[in-house]
Amino acid sequence: MELRKITVFCVLILLSSSVFAQSEKYHMLVGTYTSPGKSEGIYVYEFDSKNGAITYKSKVVLESPSYFAVSPDRKFVYSVTEAKESKISALAFNPKTGDLQVLNSQPSGGNGPTHISVDANRNYVFAANYGGGSITALPIEANGTLGSDIQDIKHQGSSIARKKPFVHSAVVSPDNKYVLTADLGTDKINIYHFDAKKRPLALSVAAQPFITLDPGAGPRHSTFHPNKKFFYVVTEINSKVYAFNYNKGHLNQIQSVSMLADGFAGPGHGADIHVSDDGKFLYASTRSTVNEIAIYSIDQKTGMLSLIAKQPSFGKSSRTFDIDPSGNWLLSTSQVTNEIIVFKRDPVSGKLTPTGQKLPIDKPSLVKFVRMD
């Protein structure tokens with residue numbers, strides 16, 4: 001009897017160890033610009049969070065999939081085509097093998113789609129058309145393909161730095177009831193109410209239709225804090241991070257901090273922004289002549305930011321970056337120097353350490369991690 005208990009216990013340990021080992025490896029999806037260049041579409045790698053090792057698995061041919069979103073159930077990927085033919089594509093994704101397959105495509109509704117998100121229930125995708133200055137809502141059918149009932153909302157206005165709207169991103173709120181867009185051309189965060197049942201007019205102007213940032217700020221990307229109470233925006237033109245209180249579709253600015261050194265006039269070209277899963281740290285990147293990742297601690301009660309450090313990103317033009325699900329690594333895409341640079345991340349201090357590890361890839365534009373089955 002005792003021997004049987006010991007045997008069962010050992011088997012359980014082996015099984016749990018196997019599951020744990022599996023959980024430390026993730027799919028790593030990389031978007032690219034394909035023209036001009038050598039890249040061909042979206043690339044899939046295996047990422048080992050034990051040591052940061054990256055192993056190539058597969059690719060899917062797609063024209064300039066510069067940004068994509070993974071559905072919450074991990075069964076589909078929705079990608080923009082940022083090229084002469086502006087469109088949105090639906091792809092089937094196998095969370096076990098990492099294989100991608102193009103299902104269908106629809107027009108994006110505006111020129112130069114540069115960002116896309118998908119709602120929590122996989123009913124709609126929302127594309128930010130940078131060149132067209134609009135946000136597009138496209139319905140998702142039951143089989144994961146994109147429907148044709150498009151809603152395209154064109155922004156109006158200008159600011160001191162731009163003569164017309166340039167919508168750079170569209171982010172769904174944590175409660176799945178609002179979509180917030182960053183308009184670089186008008187210096188506004190526009191807020192839309194989202195109701196999937198009102199197809200095809202799923203988006204409507206919210207009670208607070210927008211909030212305006214400093215003139216010439218140029219809002220680019222944004223993110224919510226895990227507690228759902230704070231909202232952060234990185235700006236491209238004045239290279240700042242703006243912090244807001246968020247409550248049911250309403251924003252109230254509480255802070256703005258510059259990512260540039262005192263006395264530096266720029267340009268800094270603020271690019272991407274992410275909050276660690278534990279909500280303790282915020283990371284925001286600059287491109288152009290600066291090429292840094294600014295690291296901030298977050299006051300858990302107020303949402304206010306305090307600078308911890310600035311880490312050189314080493315590659316030129318870090319368009320985006322992402323933190324792996326283990327929280328131990330940060331990977332930065334370098335669009336000009338054609339590489340993805342791997343940093344070790346300290347979950348306690350939030351600081352980054354260069355590893356010297358680089359993944360050569362032509363014109364990378366986005367990196368995202370997806371849990372394996």
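Here are short exercises on a predicted model, each with a worked solution.

**Exercise 1. The largest pocket**

Find the volume of the largest pocket, the residues closest to its centre, and the strand that gives the most to its lining.

*Solution.*
- Start with the volume. The largest pocket has about 1,400 Å³.
- Go to the centre. The lining has 49 residues, and T223, H274, D277, D322 and K368 are the closest to the centre of the pocket.
- Now look at the elements. Those that give two or more residues to this lining are β4 (68-70), β8 (113-118), β12 (167-172), β16 (219-224), β20 (270-275), β24 (318-323) and β28 (364-371).
- Pick the top contributor. β28 gives the most, with six residues.
- Sort the lining by residue class. It divides into 24 nonpolar, 14 polar and 11 charged residues.

**Exercise 2. A salt bridge between β3 and a loop**

Which residue forms a salt bridge with K59, and where do the two partners lie?

*Solution.*
- Begin with the total. The structure holds 12 salt bridges.
- Find the partner. K59 pairs with E40, and their closest N and O atoms are 2.2 Å apart.
- Place both residues. K59 sits in strand β3 (residues 53-61), while E40 sits in the loop between β1 (25-32) and β2 (41-48). The two are 19 residues apart.
- Check exposure. K59 has a relative accessible area of 37%, so it is partly exposed. E40, at 33%, is also partly exposed.

**Exercise 3. Two more pairs**

Work out whether the partners in the pairs D214 with K240 and E236 with R287 are buried or partly exposed.

*Solution.*
- Recall the principle. Side chains of opposite charge can pair when their charged atoms come close.
- Take D214 and K240. Their closest N and O atoms are 3.8 Å apart. D214 is in the loop between β15 (203-212) and β16, and K240 is in strand β18 (residues 240-247), so the salt bridge ties together parts 26 residues apart in sequence.
- Read the accessibility. D214 has 31% and is partly exposed. K240 has 23% and is partly exposed.
- Take E236 and R287. Their salt bridge spans 3.6 Å, N to O. E236 is in the loop between β17 (230-235) and β18, and R287 is in the loop between β21 (281-286) and β22 (292-298), so this pair ties together parts 51 residues apart in sequence.
- Apply the cut-off. Buried means under 20% relative accessible area. E236 has 11%, so it is buried. R287 has 10%, so it is buried.
- Finish with a network. Salt bridges that share partners join E141, D149 and R199.

Conventions
Residues numbered from 1 in each chain as written. Predicted model: local features only at pLDDT ≥ 70, side-chain atom pairs only at ≥ 80, totals over all residues. Heavy atoms only, no water. 1 Å grid on protein atoms, 1.4 Å probe; cavity = no way out; pocket = protein on both sides within 12 Å on 5 of 7 lines; lining within 4 Å. Points joined across faces, edges and corners; volume = space filled by probe spheres on them. Helix = DSSP H or I, 4+ residues; strand = E, 2+ residues; numbered from the N terminus. Nonpolar A, V, L, I, M, F, W, Y, C, P; charged D, E, K, R; others polar. Salt bridge = Lys/Arg side-chain N within 4 Å of Asp/Glu carboxyl O. Buried < 20%, exposed > 50% of the residue type's maximum accessible area, 1.4 Å probe, protein only.
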